[in-house]
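Subject: Structure handover and notes

Dear colleague,

I am passing on the structure below, together with some notes on what turned up when I went through it. Please read the notes with the coordinates open beside you.

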Amino acid sequence: RLRDVQIVYRDEAADKQYKLKIDEALSQAPASSPLQLSMRGTFSDKPYSLVLSADSLSELIRGTSTWALSKAQLDIANTVMDISGSLDRSSQALAGQVSIRINGNELNEIGSLLNYPLPELGAFSVASEIRLQSDMIQFDDLKLMALERSAQGTIRYDFKNKTPAALKATISIPEFDTALLNAFQNIGSSTSTPPLSTQADTQYEPEKETEDASPLPDIPWESLKAIDASLNLSIGRLTHNALQLQDINTTVTLANGDLQIPIAFTYDGASSSGRLAVKTSSDTPQVTLSLATDSIAIAPIITALGGDPRFSGQSGSGTLDTRSQGKDIMTLIRSTTLNLQLADTRLDTQAGRMFASKNLSLAIEAGGFFTLSARGEFLERPFDIDARSSPLPEDKKAVSLQLDINACDTKLKLRSSSYSKPEGDLIDYNFAASGNNLCGYLGPLEQFIGRNADFYAVARGRLKNETGSMNIKTLKLGNIVVDANVR
């Protein structure tokens with residue numbers, strides 16, 4: 001029997017202190033009789049109680065038979081932890097089974113015991129049947145509950161004679177809302193005031209830039225080779241703002257540093273699928289992403305991304321494929337290629353139909369050069385767009401842009417070349433435009449330019465830094481014809 005015992009431990013490295021007080025502890029443990037223990041007191045000024053019953057300590061030490069832990073119950077910080085199980089040391093390989101149940105009112109109350117902030121989850125529970133062996137640990141019938149949401153599954157970790165170690169898991173989540181992640185924000189942040197000596201000695205000094213400094217270091221691709229993993233994940237419904245995805249299924253595999261994440265889900269009654277692949281086993285890491293979807297509603301996506309909720313519409317079936325390679329982020333960005341195909345898409349506002357595309361095609365090459373093609377209606381008037389950028393044959397650092405727009409009764413053709421010079425950027429351009437009444441926008445000018453409000457314009461010019469010039473060869477608005485130079 002123990003009474004009024006106090007133990008204080010100070011972690012000087014973390015500058016934290018922990019105090020355990022035993023008000024009373026009772027134990028019965030004869031040599032070959034079962035172990036019985038009860039204890040009560042405070043830990044960091046929080047009351048606790050502990051009850052334990054198990055086989056004799058001599059059986060545990062000898063290891064000639066299975067040692068059973070009948071009951072271990074700890075009640076502290078409005079949290080109750082129950083553990084029972086057995087340990088077998090009779091063979092050369094260690095083996096054990098543990099049943100664990102944890103139920104609490106607030107996880108952060110446990111964090112306050114350890115002087116470490118934890119998320120505020122409200123009522124929570126953890127339960128699992130754990131199998132232990134010398135080369136693996138497995139969590140069967142794992143059940144988690146927090147924030148009024150639940151998850152269940154199994155986890156297995158193999159580590160003996162395996163390089164890298166192997167992790168396998170199957171997790172099922174009936175419903176999840178990303179707003180719940182707010183509970184994990186600012187975890188670990190400290191608002192405490194540093195000592196006065198530290199404040200006095202600390203002065204702001206701007207970082208000195210060096211020519212050799214790299215603002216974006218290499219991505220730690222080697223970390224993907226630290227472990228092999230296989231994760232089967234299913235989520236019945238995932239909510240993010242107004243966006244809802246259903247029946248999400250993925251099997252994540254990580255082997256020899258190569259990551260594969262195929263995914264399938266349903267949105268707005270339409271099926272979608274995709275795949276993210278990261279390959280680090282090659283000399284240069286490669287990243288690919290593909291996505292295919294049927295026709296879906298646009299409004300929830302716009303709202304989820306923080307856009308104007310007054311926009312709505314419907315996208316048609318589409319595909320997206322991207323590829324990139326490199327060891328750092330900037331190299332990945334520069335090497336990215338993209339191909340987007342989208343059919344029968346419309347964008348509406350409260351005032352009516354704003355945009356409708358029968359087909360839209362966008363291709364981006366490494367270096368950012370692109371090709372865009374679209375056909376449809378804009379403000380209920382027909383249009384088609386073709387645009388392309390490419391390097392100039394005579395100067396690979398210069399960019400050529402070709403743009404052709406045909407909207408209702410108006411045609412626009414623009415050609416430009418952009419150069420990066422030591423004295424500044426330079427753009428040479430020429431364009432031609434023609435049409436009848438500029439899709440109706442010249443109507444208010446008919447009293448000045450005549451009732452036949454057709455127009456025609458040809459011009460060329462140059463933009464350099466913040467200055468520019470334009471030579472209008474011909475500008476015809478109805479009955480008015482103008483030639484001009486503008487600087």
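To begin with the charged side chains, Arg40 and Glu24 meet in a salt bridge, with 3.6 Å from N to O. Because Arg40 belongs to strand 3 (residues 35-43) and Glu24 to strand 2, this pair ties together parts that are 16 residues apart in sequence. Please bear in mind throughout that the model is a predicted one, and that the values quoted here are computed from it.

Glu24 also meets a second partner, since its side chain forms a salt bridge with that of Arg3, at 3.0 Å from N to O. Here Glu24 lies in strand 2 (residues 16-28) and Arg3 in strand 1 (residues 2-11), so the pair ties together parts that are 21 residues apart in sequence. Arg3, Glu24 and Arg40 are thus linked in a network of salt bridges. As for how these residues sit with respect to the surface, Glu24 has a relative accessible area of 15% and is therefore buried, the cut-off being under 20%. Arg3, by contrast, is partly exposed at 46% relative accessibility, and Arg40 is likewise partly exposed, at 42%.

The structure as a whole holds 15 salt bridges, and one more of them may be worth your attention. Glu175 forms a salt bridge with Arg149, in which the closest N and O atoms are 4.0 Å apart. Glu175 is in strand 11 and Arg149 in strand 10, so the two residues tie together parts of the chain that are 26 residues apart in sequence. If you wish to look at this pair with the cut-off in mind, a salt bridge is counted when the nitrogen and the carboxyl oxygen are within 4 Å. Both partners are partly exposed, Glu175 with a relative accessible area of 28% and Arg149 with one of 24%.

Turning to the aromatic side chains, a search of the whole structure finds 3 aromatic pairs. In one of them, the rings of Tyr9 and Tyr18 have their centres 6.3 Å apart and their planes at 15°, so the pair counts as stacked, for which the planes must be under 30 degrees apart. Tyr9 is partly exposed, at 48% relative accessibility, whereas Tyr18 is buried, with a relative accessible area of 17%. Another pair, formed by Phe355 and Phe383, is tilted, with 5.7 Å from centre to centre and 40° between the planes. Since Phe355 lies in strand 21 (residues 352-364) and Phe383 in strand 23 (residues 381-392), this pair ties together parts that are 28 residues apart in sequence. Of these two residues, Phe355 is partly exposed, with a relative accessible area of 21%, while Phe383 counts as buried at 8%.

Next, the nonpolar side chains. The largest nonpolar core has 13 residues, and the members that touch the most others are Ile173, Leu245, Ile248, Phe265 and Tyr267. Two or more residues of this core come from each of strand 11, strand 13 (243-255), strand 14 (258-267) and strand 17 (296-297), and strand 13 gives the largest share, with 3 residues. If residues up to four places away in sequence are not counted, Ile173 touches Ser150, Ala151, Leu233, Ser234, Ile235 and Gly236.

On the surface, Tyr157, Phe159 and Leu167 form a nonpolar patch, and together they have about 230 Å² of accessible area. Within this patch, Phe159 is placed in the loop between strand 10 (149-158) and strand 11 (165-177), and it counts as partly exposed, with 36% relative accessibility.

Finally, some totals for the chain, which you may want for comparison with your own calculations. The chain has 6 helices and 29 strands, and buried residues make up 25% of its 487 residues. Among the contacts with a separation of 6 or more, 36% are between residues 24 or more positions apart. The chain exposes about 30,400 Å², of which carbon and sulfur atoms supply 55%.

With kind regards

Terms used:
Residues are numbered from 1 along each chain as its sequence is written. This is a predicted model: local features need pLDDT of at least 70, side-chain atom pairs count only at pLDDT 80 or more; totals for chains, interfaces and linings use all residues. Side-chain values use heavy atoms; hydrogens and water are left out. Patches are made of residues with over 30% relative accessible area and no salt bridge: like charges are joined within 9 Å, nonpolar side chains (Val, Leu, Ile, Met, Phe, Trp, Tyr) within 5 Å. Accessible areas come from the Shrake-Rupley method with a 1.4 Å probe; for residues, only the protein chains shown count as cover. Helices (H or I, at least four residues) and strands (E, at least two) are DSSP runs, numbered from the N terminus. Buried means under 20% relative accessible area, exposed over 50%, partly exposed in between (1.4 Å probe, protein chains only). A nonpolar core is a set of buried Ala, Val, Leu, Ile, Met, Phe, Trp, Tyr and Cys residues joined through side-chain atoms within 4.5 Å. Contact means heavy atoms within 4.5 Å. Rings of Phe, Tyr and Trp (its six-membered ring) pair if their centres lie within 6.5 Å; planes under 30 degrees apart count as stacked, over 60 as edge-to-face and the rest as tilted.
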